[in-house]
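Visitor: Please choose one part of this model and take me through it slowly, explaining each term when you first need it.

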Amino acid sequence: MSVTLDTPHAPPPRLPAVRWGTAALALAALALAPLFLGNYYLHALIIAMIFLLPAHGLNLILGYTGMLSLAQGVFFGLGAYTSALLAMHFGTPFVVNLFAAAAVAALIALPLGIPALRLRATSFVMCTLGFVVIAQTVAKNWTDLTRGDMGLSGLARPRIGDIVISQIPQYFYLILAVAVLAMLAFIALIRSPAGRCMVAIRDNETLAESLGIPTWTYKLVVFMLSAAFAGLGGSLYAHYETVVSPLVFQMYYSNTILIIVLGGGVGRVPGAIIGSFLFVAVTEALRITPELRLIIYGFVLLLLVFMFPQGLAPLVERGTEWLARLGRKA
Amino acid sequence: MGSFILEQIVNGVITGSMYALVAAGMTMIFGVLRAINFAHGEYYMLGTFGAWLVISKLDAPYAVSIVAGVAIAALIAALIGRLVMQRLVGAPFQAGVLATIGVSLILQNAVILAFGGGYKVFEGGWIEPVQIGSFGMAQQRIVLVVTALAVFAGLEWMVRKTRMGKAIRAVSQNIECCHVNGIDVESVVRRTFLLGTALAALSGVLTAPVNVSVYGGMGESITLKTFAVIVMGGMGNVRGTLIAGILLGVVEALVSGLIGLQYRDSVGFVALLLMLMFRPHGLFTQKARF
């Protein structure tokens, strides 16, 4: 077979096995983490896993349909407020709050998405940034519902069956379970025919449309799904912190989610995972102040734009390929 | 009621000239780079902080602080222009968005880290009232409007008559032809960026005595309002920006006076959204220019 520049290099045959193996190892390490790590480090891991959910959402909309949205923080905050309000006013159980948060975020994404998704490129980014500002204004001023700057505090601890989740290790397993389930859902989604249609829209929207893919509907559904992922994360955050205030709508959240996805590598499943552990868990574990952390994020963004436009995931992928080759030789 | 509305309109024109000054810079940068500067409000903040610094630490008079504030912001902008902005020539739009968001994070949080996140009082400015007809107005507000008009007249002259202005127009029309004709595109980008950010800083220093409070996060809302103004004015259209800025200022003042102060900051967003939806090419041009 002749080899030209555009011949895709064949992946080693054992690559899937090595990938699943790496994933299983990482999962096992996480599952055993509470045996070895103190509560503070578990807290850092919990925060990273919570941020993983909105990051999956951004990965979906940016990596699979190519739209750069700064509104993930808005849906994260909406999920947090939905959970908090439901738990405080109706005493609904944790699982109900979790799904309600996802549903409310997706429902609010619908009227926001209809105008916003008609915009392209920079206009879309400006518009989603506007949503963040509006969300801040509403959370601060609709005091009847949100209690303004005072925020909502004293949420009941989540209950699963008869167990009340109150200890850090218990939270760790609960959030690990939700994060793994959400990740599996994400993988199932992007491997489905719908996922391939999304990639087609990202790569060439006009061509996709000419093949009969309803691109507009797809973009709207993806926007809603990404909001639902963010809502799930927000709900976990509210139940973990037990306090929700307008601060959840700060740009900090949207920026962190952006860094996770871009730093890890857009449009790759391991990307968001690597990104959230590297940029959230590590900075949290090192007790870096928020200001310094945002300065680091700023430099990371500049490095990503000018030096590593693919993020870190390609490095990891090369690593797993190397492992797979190594396995074959042995 | 009539005089109340008139007063709101006058206040709106003053705030609007401030928006227009900031936005003129952003729209010029967009013209040459085709990139929206998400860090633009941070230069407004830097100018204000620079002036606050020389007033509170060195006891400098306000006039000196204007020069110092703009100079400090311009110095930082010169560095960023060289390291970041000039590399964005011909880059995809996402590179521009992400790089300028990165710059914004660095500048804003470096200031908060250095000076604390709390509100600071800006002491200084020409706040003696001047009596015009039935109502008085602080000198500072008159200075602001007059400066804005003078700056716009100067920009108009520069863009039409000077070599620099012609180069800016050339770069915003066709970068390849500029390369062919020996125009140093990167240098034009750097200088336009410097000019644009200096205008933002100037606007910051001039409004500081009116707003009184100074804090590290103040640039964020300015950036968003500037988006609304440049989209209304038509991206890259300097003259449109003046009218759009004043329009936004007046509508904001009327909304805050007649409906409620808390809705003031939503006006810019609603204007931005409506413009992007229905007239993405701006209020004053018939066709999309970009």
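Guide: Two residues are in contact if their C-beta atoms, placed from the backbone, lie within 7 Å. The model is a predicted one, in which local features need pLDDT of at least 70 and side-chain atom pairs count only at pLDDT 80 or more, while totals for chains, interfaces and linings use all residues. Residues are numbered from 1 along each chain as its sequence is written, and chains are lettered from A and ligands numbered from 1 in the order in which they are written.

The part to look at closely is the place where the chains touch, and the chains themselves then give it a setting. Chain A brings 31 residues to this contact, and chain B brings 30 residues. On the side of chain B that touches chain A, at least two residues each come from α4 (93-115), α9 (219-233) and α11 (264-278) of chain B; these helices (H or I, at least four residues), like strands (E, at least two), are DSSP runs numbered from the N terminus. With 15 residues, α4(B) contributes the most to that side of chain B. Sorted by class, the residues of chain B on this side are 22 nonpolar, five polar and three charged, where Ala, Val, Leu, Ile, Met, Phe, Trp, Tyr, Cys and Pro count as nonpolar, Asp, Glu, Lys and Arg as charged, and the others, Gly among them, as polar.

Behind the contact stands chain B, which has eleven helices and four strands, and whose C-alpha atoms fill a box of roughly 60 × 45 × 35 Å along the principal axes. Of its 290 residues, 50% count as buried, meaning that 20 or more other C-beta atoms, placed from the backbone, lie within 10 Å of the residue's own; with 12 or fewer a residue is exposed, and in between it is partly exposed. When contacts in chain B between residues at least 6 apart in sequence are taken together, 76% of them join residues at least 24 apart.

Within chain B, helix α1 (residues 2-33) has 32 residues and reaches 45 Å from its first C-alpha to its last, close to the expected 46 Å, a figure that comes from 1.5 Å times one less than the number of residues. This helix, α1(B), is mostly covered, since 23 of its 32 residues are buried, and R34(B), which follows α1(B), has a positive phi near 55°. Further along, helix α6 (residues 163-173) of chain B packs against helix α8 (residues 185-211) of chain B at an angle of about 110°, with their axes 10 Å apart; axes are lines fitted to C-alpha atoms, for helices over the stretch in contact, and angles run from 0 to 180 degrees between N-to-C directions. Here M164(B), A167(B), I168(B) and V171(B) of α6(B) meet V185(B), V188(B), R191(B) and T192(B) of α8(B), and by class this contact of α6(B) with α8(B) holds six nonpolar, one polar and one charged residues.

On the other side is chain A, with 14 helices and four strands, whose C-alpha trace spans about 70 × 50 × 40 Å along its principal axes. Of the 330 residues of chain A, 47% count as buried, and among contacts in chain A between residues at least 6 apart in sequence, 79% join residues at least 24 apart. In chain A, the axes of helix α8 (residues 193-203) and helix α10 (residues 215-241) come within 10 Å and cross at roughly 110°. From α8(A), C197(A), M198(A) and I201(A) take part, and they meet T215(A), Y218(A), K219(A) and V222(A) of α10(A), which gives five nonpolar, one polar and one charged residues in the contact of α8(A) with α10(A). The buried residues of α12(A) include I273(A), F277(A) and V280(A), and R287(A), which follows α12(A), has a positive phi near 55°.

Two loop residues complete the view. T242(A), in the loop between α10 and β4 (243-244) of chain A, has a positive phi near 60° although T242(A) is not a glycine, and with 16 other C-beta atoms within 10 Å T242(A) is partly exposed. D59(B), in the loop between α2 (40-58) and α3 (62-83) of chain B, is likewise not a glycine and has a positive phi of about 60°, while its 9 C-beta neighbours inside 10 Å make D59(B) count as exposed.
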